[in-house]
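This report covers aromatic rings, charges over rings, one helix contact and one strand pairing. Please read it alongside the sequence and the structure.

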Amino acid sequence: MTTASFEHVRGTNRRNPKRKRSRIDRFSNLPTEIAHDILSRLNFKDLTRVGCLSKRCREFYISTPYLNFHDLSGVDTSTRLKNERVLDSLSRFFVQRGVHHKIQCFRFRWDLWVDLDDGDDDDDDCDVYFQSRLREWIEIAVRCNVEVIHLVVIPNNTFGDLPASLLHCKSLKSLTVDMICNISVVPSMDFSSNLECLRLKDVSIKNDGDRFLKWISGCCTSIKELLLEDCAGVNNLVIESSSLESFCYQSHEYNDGCHVNISGDRLEKLHFVEPIGRKTNRLVNISAPNLKYLEWIGEFSNRQNLGNLMFLEKAVICSSPWNCNFDVLFDFLCSIRKVKLLFLDPDTLELSFISHAKKVVIHYKFRSNVIEFAYYILEHARDLEKMIIYYPHGSEVLNAVMKLRTTAMSKGIHFHKIVTHYDFQVIRSLVRFNLW
């Protein structure tokens, strides 16, 4: 470059300093941890593009501990051949990064519901090729001390057995498996796991499902969240954990032989969902004194004990009105008398409670919808014989109470209106000891 041309460039930079600053690669100068955090928000296609920008960017690309392969948007996987090309590309990435760089998180989602009819009818080869690749990547992640694994596969058929090393990974803290697969090897009771979150969907527990739950209860001493959705092989749902805070069990198949025994002092959230419509005589025992959120969608067993839930804040109850055990359900509602928010399925409420009610005691509260609820009871309680309503002295609802009395007496129901200065707790005590 001549002196004149150099002076021209320097003068240009002086007149337009933004032009000089725009050439600085600020991303490459970032600390590795910050660069990795930024790259963790990219999908694999964009991550690969960043790796092509510079030598330093390639180092970030190779060493990133966040492998987010759950978003393959922009990647064409519409044919078997294109599927294999994508899988080969991912495999090359794993080869390039080796096993010396730690993997913090490995997220993978794959949709096999694609048009594989490209002139080759041997689609099973594609499934086998995919399965072998995914098993290889899981093994690599385990060797790289992975902490979070999230696997979602929408398959044409079963994946087969998960690698045995997955549950034997000491560094693993969170595991999500959402695909048709098997767990054939359960760790021994001598192996202590650091799992804090375990979510399994469409996973079959082979050989001994009860032993698997026993391993979770006894060896996963840090477990806080457990989800089992449509998991076959579980004979009895027995969970006893001092660390568990959230447990969700959901099944689209009914299993009356599956007894339920859940115990946990720290358990705050419990979701139990099963098909409705069949009577059950299973043994259900829940010991969770600090439970705050309960969702029970399924039948109430004749042998059911949900304990005394004094700290319950929200409860969702849905049961078949034809098979629901009224006495068990009534005892349960008495045990959650301090609940702040209660959702009852309309059919359960109408047929299992109101239609069987013979005596009703109502306490009026200011600005409440008690009167409307009383009319609802009169309409649906076909066995009702007696209604008592307590309302405060000088209440403005006297006219509404008198109209309610007329409606009740026209149906042959004994109606009593009582003006009271008592606190509601005193009234409830009188009702409890039949002193009213």
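## Phe-60 and its ring partner

Phe-60 is buried, because its relative accessible area is 1% and the limit for buried is under 20%. This holds for a predicted model. Phe-27 reaches 21% relative accessibility and therefore counts as partly exposed.

The structure holds 19 aromatic pairs. One of them is formed by Phe-27 and Phe-60, with an edge-to-face arrangement: the centres are 5.5 Å apart and the planes make an angle of 85°. This pair links distant parts of the chain, 33 residues apart. Phe-27 belongs to the loop between helix H2 (17-21) and helix H3 (32-39), while Phe-60 belongs to helix H5 (residues 55-63).

## A stacked pair and a ring cluster

The rings of Phe-108 and Trp-110 are stacked, because their planes are at 10° and planes under 30 degrees apart count as stacked. The ring centres of Phe-108 and Trp-110 lie 5.9 Å apart. Phe-108 and Trp-110 are both buried.

Phe-108 and Trp-110 also belong to a cluster linked by ring pairs. Its other members are Phe-44, Tyr-61, Phe-69, Phe-93, Phe-94, Phe-106, Phe-130, Trp-137 and Phe-159.

## Charges over rings

A cluster member, Phe-159, has Arg-135 over its face, 4.5 Å from the ring centre. In another such arrangement, the charged end of Lys-170 sits over the ring of Phe-191, at 5.4 Å from the ring centre.

## Helices H4 and H5

Helix H5, which holds Phe-60, packs with helix H4 (residues 44-51) at an angle of about 145°. The axes of H4 and H5 are 7 Å apart.

On the H4 side, the contact residues are Phe-44, Leu-47, Thr-48, Val-50 and Gly-51. They meet Cys-57, Arg-58 and Tyr-61 on the H5 side. By type, the residues of this contact are five nonpolar, two polar and one charged. Phe-44 and Tyr-61 take part in this helix contact and are also members of the ring cluster.

## Strands S7 and S9

Strand S7 (residues 237-240) has two faces: Leu-237 and Ile-239 make up the covered one, Val-238 and Glu-240 the uncovered one.

S7 runs parallel to strand S9 (residues 260-263), and four bridges join the two strands. Glu-240, on the uncovered face of S7, has Ser-263 in S9 as its bridge partner.

Notes
Residues numbered from 1 in each chain as written. Predicted model: local features only at pLDDT ≥ 70, side-chain atom pairs only at ≥ 80, totals over all residues. Heavy atoms only, no water. Buried < 20%, exposed > 50% of the residue type's maximum accessible area, 1.4 Å probe, protein only. Pairing = 2+ DSSP bridges. Phe/Tyr/Trp six-rings, centres within 6.5 Å; stacked < 30°, edge-to-face > 60°. Lys NZ or Arg CZ within 6 Å of the ring centre and 35° of its normal. Axes fitted to C-alpha atoms, helices over the stretch in contact; angles between N-to-C directions. Contact = heavy atoms within 4.5 Å. Nonpolar A, V, L, I, M, F, W, Y, C, P; charged D, E, K, R; others polar.
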